[in-house]
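Student: Could you pick one part of this model and take me through it closely? I'd like the overall picture in brief, then the residues themselves.

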Amino acid sequence: MMNQKIAEEDGYGPSEDEDDDYYYYATSRRRRKVAVFENKDNSTEKRERKRKRNRNRGNTKFTEKGFCDENSQDPLVVFGWDIMLMILSRLDARSVALSLVVSRTWHGVASSDTIWSKKCEELWAGKAHLPRVSQIKGLSKLAAYSLSIMDGKRSRIMKEDLWDHAWEFHFNKAAPNYWRNLDPYWKGAGPPMRRYFHPDGSQTSDPGDKVWGGHECCYSIVTSFLADGKIREHYVRINRWPQMYVSRKQDWGWKMSNHLYCYSSVPDADTKGGTGPCFLAC
C-alpha cells in the first residue's frame with residue numbers, strides 16, 4: 001500500500017501490460033536511488049565549499065609529517081639550517097626564545113651557541129658585574145644567558161658579593177661636617193675612599209685612609225623571610241653602626257646605604273670567571 005501511495009503521488013500508474021505489485025516495487029526502488037544520489041551530490045558540494053573556505057582563511061592542519069599550512073611549508077625545511085641561523089641571529093632574544101618551543105628541530109637551531117654567544121655579548125655589555133654562575137666552563141650560551149638574567153634580578157646580597165668586589169665609600173649629607181670634610185667625595189679632591197670585605201668577616205680600607213683610623217671592623221648579613229618564602233627584611237651591618245639596606249642597580253651593581261654613609265660596588269666585569277655566588281639565590 002505504501003509503494004502504491006508513493007507511485008500515485010508521482011502521477012504515474014501501471015500500464016496495461018505491467019503487474020500492479022511489480023510496478024509499485026520498481027517505482028519505490030527508483031525513488032530511493034534518486035534520493036541517495038541527491039545526498040551524495042549535496043555532501044560533495046558541502047565538502048568543496050568547506051575546502052574553499054579553509055583555503056581562503058589560510059587554515060592549517062596536521063599531516064603525517066607534522067604541523068603545516070596548506071599553502072606553505074616549514075621555513076626550516078625551505079631555507080635550511082644555515083639560513084635559519086642567520087635569520088634567528090637577527091631577532092631579539094625573546095623572539096629566539098619563543099622559537100625554541102616550535103618543534104624539536106627548531107629547538108636544535110634556536111639553542112645554538114652561534115646565536116646565543118652574540119646575545120650574551122649584547123646582554124653583558126655595560127654591566128658592572130658578570131655572575132659567576134653564568135661563566136661555568138662547558139655551560140651552553142643559552143643557559144649562560146638565562147642564568148645571567150635571573151641573577152641580574154637578584155636583590156639578596158650574598159657574602160660572595162661582598163668578598164668579590166671592591167667598594168667605594170662616601171658619607172651622606174646627614175653625616176657630621178667633620179667626617180664630610182675628610183671625605184674626598186665632598187671635597188672633590190682625589191679618588192673616592194674604598195672598603196674591602198673579607199671571608200673571615202673583617203673589613204679593611206686602603207692605606208693612609210684618614211677616616212678609617214685603623215679600628216677593627218666586622219660585618220654581618222641579616223636576612224629574614226616570611227612564611228611564604230618571600231624576603232621580609234634584608235640588610236648589612238658593620239660593627240654596631242646603623243644597618244645598611246641593599247639595592248640593585250640597572251647595571252647589576254650593588255648599593256648599600258643608610259642615612260650616614262653609602263657603599264657602591266666597583267665595576268669589575270673583566271674579572272675572569274665572574275663574581276658572586278656559584279649558585280642562584282632568591
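Tutor: Among contacts in the chain between residues at least 6 apart in sequence, 49% join residues at least 24 apart, where contact means heavy atoms within 4.5 Å. This is a predicted model, in which local features need pLDDT of at least 70 and side-chain atom pairs count only at pLDDT 80 or more, while totals for chains, interfaces and linings use all residues. Residues are numbered from 1 along each chain as its sequence is written, and side-chain values use heavy atoms, with hydrogens and water left out.

The chain has 282 residues, and 33% of them count as buried; buried is under 20% relative accessible area, exposed is over 50%, and partly exposed is in between (1.4 Å probe, protein chains only). About 18,800 Å² is exposed by the chain, with carbon and sulfur atoms supplying 52% of that; the areas come from the Shrake-Rupley method with a 1.4 Å probe, and for residues only the protein chains shown count as cover. Its secondary structure comes to 11 helices and 10 strands, which are DSSP runs numbered from the N terminus (helices are H or I with at least four residues, strands are E with at least two).

Let's put the aromatic residues under the lens. A pair of aromatic rings is described by the distance of the centres and the angle of the planes. Here, rings of Phe, Tyr and Trp (its six-membered ring) pair if their centres lie within 6.5 Å; planes under 30 degrees apart are stacked, over 60 edge-to-face, and the rest tilted. That rule gives 13 aromatic pairs. One of them is Tyr 185 with Trp 186: the ring centres are 5.6 Å apart and the planes sit at 80 degrees, so this pair is edge-to-face. Both partners are partly exposed, Tyr 185 with a relative accessible area of 49% and Trp 186 with 37%.

Now take Trp 241 and Tyr 261, whose ring centres are 6.3 Å apart with planes at 80 degrees, so they too pair edge-to-face. Trp 241 lies in the loop between strand S7 (231-238) and strand S8 (244-248), and Tyr 261 is in strand S10 (residues 261-265), so the pair ties together parts that are 20 residues apart in sequence. Trp 241 is partly exposed at 34% relative accessibility, whereas Tyr 261 is buried at 6%.

Trp 241 and Tyr 261 also belong to one aromatic cluster, along with Trp 167, Phe 169, Phe 171, Trp 179, Phe 197, Tyr 219 and Tyr 263. Tyr 263 deserves a visit of its own. Tyr 263 is found in strand S10 and is buried, at 3% relative accessibility. Leaving aside neighbours within four places in sequence, its contacts include the cluster members Trp 167, Phe 169 and Phe 197, and also among them are Arg 195, Ile 238, Met 244 and Trp 254. The side chain of Tyr 263 makes a polar contact of 2.9 Å with the side chain of Gln 203. A polar contact is a pair of N or O atoms within 3.5 Å; within protein, one must be able to donate a hydrogen and the other to accept it, and residues adjacent in sequence count only if both atoms are side-chain atoms. The C-alpha atoms of Tyr 263 and Met 193 are separated by 9.9 Å, though their positions lie 70 residues apart along the chain.

Trp 254, one of the contacts of Tyr 263, takes us on to Ser 155. Ser 155 sits in the loop between helix H8 and helix H9 (159-164) and is partly exposed, with a relative accessible area of 44%. Beyond its neighbours within four places in sequence, Ser 155 is in contact with His 234, Val 246 and Trp 254. The C-alpha atoms of Ser 155 and Trp 254 are 8.8 Å apart, and the two residues are 99 residues apart along the chain.

Finally, Tyr 219, another member of the cluster, has a number that falls in strand S6 (residues 219-225), which also holds Ser 224. Ser 224 is buried, with a relative accessible area of 16%. Not counting residues up to four places away in sequence, Ser 224 touches Lys 230, Ile 231, Arg 232 and Glu 233.
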